[in-house]
Amino acid sequence: MSDQELQIEAPVVRATPKESDSRSLRRKLATSQGGLSRVLRWGYRAAHSFSVPAPRVVIKPALWIFLGLRSTYQFVARVFVCEPIFKAYCKKYGKGLRTDCHIHWIMGKGDIVLGENVWVDGKIAITFAARFADHPLLEAGDNTQIGDHCDFRIGKRISIGKNCNLSGRTLIMDSNAHPADPELRWKNEAPNPEDVRPVVIQDGVWIGKSCIIFPGVRIGEGSIVSAGSVVRTHVPPYSVVAGNPAKVMFRLKKPIAPETPAQDGSSL
């Protein structure tokens, strides 16, 4: 074959007559030095730079009214709608459970068990898969905070300890949702039950924003997972990890437990 026969012409995308006429008119108005074009350009710039005076004696009361109405709406939505609906999903919860003024996205059937003074901020997503356990479980201990847009995908169990802080947009899953074998994926098969491994986050852990916690991971007590980390392996207690995959950056000093006084009042 000749070189000309081997050449493949790229398809030419042609504008419709209406699109072509519209572009030509806009370009003409933008470049023309005619009187009408200059007046239209001046009016366009003036409209986009127009500003209304805002004397404080007027705008301050308006701001207070707006803030009051917003706070009232958030209180009513949280106390009488969003929080009761979330509590209805829970199998068990302690005193002081708080939510935000958003209805959380919960799919499937599973158990949610929360301790006391748990704060579920913003709007989170919880997805249960009944295939791997009769009662998939999400549990969180006392004084734990869960940030906005956290995502939990649970086939068996995700356990979060006490005094933990999960920052927003964190994804925690105990299953990869698809099998590793490509042939099984092509057939839309479910993952192997042995690949569904519970995730355990021990007490006092702080997980930064936008982290991903993979199946089977255990994060040790008092550790910190830096923002944006992808955690695929166990995290030792009292350590700081970061990166993709997350690695130990340095160790934290373990707090010293207070001494227990003797029964007779003397120190041990």
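Strand E10 and strand E13, the latter covering residues 199-201, run parallel and are joined by three bridges. Within this pairing, serine 159 stands opposite valine 200 of E13. I should say at once that the model under discussion is a predicted one.

On its other pairing, E10, residues 157-160, lies parallel to strand E7, residues 137-140, over four bridges. There, alanine 140 has isoleucine 160 of E10 as its bridge partner. Alanine 140 also appears in the pairing of E4 with E7, where it is the bridge partner of leucine 114. E4 and E7 again pair in the parallel sense, over four bridges.

These pairings belong to one sheet. It is an open sheet of six strands, with parallel pairing and the order E1-E4-E7-E10-E13-E16. Which strands stand at the edges? They are E1, residues 92-93, and E16, residues 218-219; each has a single partner strand, so one side of each is left without a neighbour in the sheet.

Let me stay with E4 for a moment. This strand spans residues 111-114 and includes aspartate 111. Is aspartate 111 buried or exposed? Its relative accessible area is 14%, and because buried means under 20%, aspartate 111 counts as buried. Leaving aside residues up to four places away in sequence, aspartate 111 touches Lys91, Phe128, His135, Pro136, Leu137 and Leu138. Of these contacts, Leu137 and Leu138 fall in E7, the strand that pairs with E4.

I turn now to a further set of parallel pairings. Strand E3, residues 105-107, pairs with strand E6, residues 125-128, over three bridges in the parallel sense. In this pairing tryptophan 105 stands opposite alanine 125 of E6. E6 in turn pairs with strand E9, residues 151-154, in the parallel sense over four bridges. Here threonine 127 stands opposite arginine 153 of E9.

Next, the cysteines. How many disulfides does a search of the whole structure find? The number is zero. Cysteine 150 is in no disulfide, and the nearest cysteine sulfur to it, that of cysteine 211, is 9.6 Å away. A disulfide is a covalent bond between the sulfur atoms of two cysteines. Seen from cysteine 211, the closest cysteine sulfur is the one in cysteine 150, and 9.6 Å is too far for a bond, given a cut-off of 2.5 Å. Cysteine 150 counts as buried because its relative accessibility is 1%. Cysteine 211 is likewise buried, at 1% relative accessibility.

From buried residues I move to the surface. Phe75, Val76, Phe80, Val81, Ile85, Tyr89 and Ile103 form a nonpolar patch there, and together they have about 630 Å² of accessible area. One of these residues, tyrosine 89, is in helix H4, which comprises residues 56-89. Why is tyrosine 89 classed as partly exposed? The reason is its relative accessibility of 40%, which lies between the limits of 20% and 50%.

Finally, some totals for the chain. It contains five helices and 20 strands. Of its 268 residues, 31% count as buried. The accessible surface comes to about 18400 Å², and carbon and sulfur atoms account for 57% of that. Among contacts between residues at least 6 apart in sequence, 28% join residues at least 24 apart.

Key:
Residues numbered from 1 in each chain as written. Predicted model: local features only at pLDDT ≥ 70, side-chain atom pairs only at ≥ 80, totals over all residues. Heavy atoms only, no water. Patch = residues over 30% accessible without salt bridge, like charges linked within 9 Å, V, L, I, M, F, W, Y side chains within 5 Å. Areas by Shrake-Rupley, 256 points an atom, 1.4 Å probe, with all protein chains shown as cover. Salt bridge = Lys/Arg side-chain N within 4 Å of Asp/Glu carboxyl O. Helix = DSSP H or I, 4+ residues; strand = E, 2+ residues; numbered from the N terminus. Buried < 20%, exposed > 50% of the residue type's maximum accessible area, 1.4 Å probe, protein only. Pairing = 2+ DSSP bridges. Contact = heavy atoms within 4.5 Å.
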